[in-house]
Amino acid sequence: MTEAPAPTISAPMREALALAERAIGVSEPNPRVGCVVVRDRTVVGRGHTQHAGGAHAEVMALADAAARGADVRGATVHVTLEPCAHHGRTPPCADALVATGVGRVVIALRDPNPLVSGKGAARLAAAGIAVEWNDAAAAASRELNVGFVSRMERGRPWLRMKVAVSLDGRSALADGTSQWITGTAARADGHAWRKRAAAVLTGVGTVRDDDPRLDVRLVETVRQPLRVIVDSRLETPPTARILAPPGEVLVYAAIDDRARRSALEAHGAEVALAPSPSGKVDLAAMVADLGRREINELHVEAGEKLNASLLAAGLVDELLVYVAPKLLGDGRGLAALPPLARLDDALGFAFVDVARIGDDLRLLLRPSALANDPRSAAPR
């Protein structure tokens with residue numbers, strides 16, 4: 001029996017996916033979308049999603065074609081996400097495609113937004129435009145938009161936990177010293193992942209111990225992510241560097257101490273209450289609230305206690321682990337999880353990617369059930 005050939009991604013769709021990557025750190029909270037217009041086997045227009053309220057990928061590509069003097073009537077449009085069919089911050093892209101008279105639209109991924117899903121393709125088809133789905137490119141488009149998909153399907157951001165550890169799994173010395181376990185290349189790579197996220201989260205313990213800025217500095221960016229602090233008793237020092245510009249700061253607390261709240265607000269921070277019955281921040285409620293605030297990807301850089309709490313709550317979708325070729329001996333770990341009675345009770349993860357970054361290794365892992373999902377980036 002002859003096996004069917006594996007589905008392939010066409011050259012125009014590959015270019016559209018590459019364009020979508022340029023929207024990282026730009027388009028939030030909108031999805032990262034790329035678009036290529038082809039006429040007579042020649043690319044005549046390219047575009048990707050701009051900042052929120054700016055033009056979407058299809059409109060950018062059509063504008064590029066117009067600037068070149070290209071006639072797009074009957075052209076084929078390759079786009080990495082289904083064109084929108086509703087009025088949001090901008091008019092529907094499906095209408096823009098219909099108005100220009102393109103003949104065919106090839107789509108990588110159905111839009112998970114219930115306001116769009118299926119409706120954009122239906123509007124194109126109703127106008128007599130041929131619609132095709134490039135299933136081979138769907139997984140790549142979904143990966144680029146893993147946070148947007150998560151927010152649309154689960155109402156919460158995709159939570160990525162980043163840690164830097166030694167070969168013996170230490171994230172810091174016993175006294176809390178952690179700068180720097182990994183090398184400069186790994187640190188720059190970590191900033192690229194910060195750039196990808198709409199928000200970077202840490203705990204008040206890390207703020208007090210390390211006084212981090214948690215902004216994006218080592219790679220170029222046009223936007224700083226929201227910085228989020230889990231601080232049950234509002235103990236963040238008003239002098240903490242994380243409160244300094246650029247970028248905004250959101251502090252989640254379990255109690256409302258007016259004096260401490262006022263001190264943080266005087267330094268530009270917003271304080272939100274999310275108490276749990278135990279008197280700590282309700283982490284699940286916090287993550288849900290960040291979803292309502294249109295946060296697609298949440299990047300966590302915290303200490304072993306908060307890491308353990310997020311893992312125990314089942315809120316971690318992905319681990320981003322940098323492993324340095326060092327042995328530190330006694331110290332703090334990746335997460336302060338309680339002892340297990342049985343090996344079978346261990347939290348299971350699967351490797352998604354392994355890469356060498358300078359002298360260090362970068363591991364990308366997802367919970368086993370999630371990593372084995374045939375849709376690759378499909379949220380639980």
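This passage describes the cavity, a pocket, one helix, the cysteines and some backbone features of a predicted model.

A good place to begin is the interior space. The structure contains one cavity of 30 Å³ or more, and the largest cavity encloses about 50 Å³. Its lining is made up of E28, N30, P31, R32, L144, N145, G147, F148, N296 and E297. Sorted by class, the residues around the largest cavity comprise three nonpolar, four polar and three charged. The second largest pocket, for its part, holds about 420 Å³ of space. Two elements, α11 (304–312) and β13 (318–323), each give two or more residues to the lining of this pocket. The lining counts 15 residues, and L311, A335, L337, L347 and F349 are those nearest the centre of the pocket. By class, 13 residues of this lining are nonpolar, one is polar and one is charged.

Helix α3 offers a neat view of packing. Within this helix, which spans residues 93–100, the residues C93, A94 and L97 are buried. Viewed down the axis of α3, the buried residues fall within an arc of 105°, so they line one face of the helix. Their packing partners are α2 (57–67), β3 (76–79), β4 (104–107) and α4 (119–126). Just after α3 comes G101, whose phi is positive at about 80°.

C93 also enters the account of the cysteines. Zero disulfides are found in a search of the whole structure. For C35, the closest cysteine sulfur is that of C93, and at 8.6 Å it is too far for a bond. C35 is buried, its relative accessible area being 1%. The sulfur of C93 is likewise the nearest cysteine sulfur to C84, at 3.7 Å, and C84 is in no disulfide. Because the cut-off for a disulfide is a sulfur pair within 2.5 Å, the pair formed by C84 and C93 does not count as one. C84 is also buried, at 7% relative accessibility.

The loop between α1 (11–21) and β1 (34–39) is worth a closer look, and V33 is found there. V33 has a relative accessible area of 6% and is buried. Beyond its neighbours within four places in sequence, V33 is in contact with A20, G47, H48, T49, A57, V79, T80 and L81. As a marker of distance across the model, V33 and R258 lie 44 Å apart in space, C-alpha to C-alpha, and 225 residues apart in sequence. P29 is in the loop between α1 and β1 too, and a cis peptide bond with omega of about 5° joins P29 to E28. E28 is also one of the residues lining the largest cavity.

Other backbone features deserve mention, given that most residues other than glycine have a negative phi, and most peptide bonds are trans. The bond from P245 to P246 is cis, with omega near 5°, and P246 is found in the loop between β9 (226–230) and β10 (249–253). Although D211 is not a glycine, its phi is positive, at about 50°. D211 sits in the loop between α8 (204–210) and β9 and is partly exposed, with a relative accessible area of 27%. E294, also not a glycine, has a positive phi of about 65°. The loop that holds E294 runs between α10 (283–292) and β12 (297–300), and E294 is partly exposed at a relative accessible area of 32%.

Methods: Residues are numbered from 1 along each chain as its sequence is written. This is a predicted model: local features need pLDDT of at least 70, side-chain atom pairs count only at pLDDT 80 or more; totals for chains, interfaces and linings use all residues. Side-chain values use heavy atoms; hydrogens and water are left out. On a 1 Å grid over the protein atoms alone, a cavity is a set of points where a 1.4 Å probe fits but cannot get out, and a pocket is an open set with protein on both sides within 12 Å along at least five of seven lines; lining residues have an atom within 4 Å of a point. Grid points are joined across faces, edges and corners, and a volume is the space filled by probe spheres set on the points. Ala, Val, Leu, Ile, Met, Phe, Trp, Tyr, Cys and Pro count as nonpolar, Asp, Glu, Lys and Arg as charged, and the others, Gly among them, as polar. Buried means under 20% relative accessible area, exposed over 50%, partly exposed in between (1.4 Å probe, protein chains only). Helices (H or I, at least four residues) and strands (E, at least two) are DSSP runs, numbered from the N terminus. The arc is that of the directions from the helix axis to the C-beta atoms. Contact means heavy atoms within 4.5 Å.
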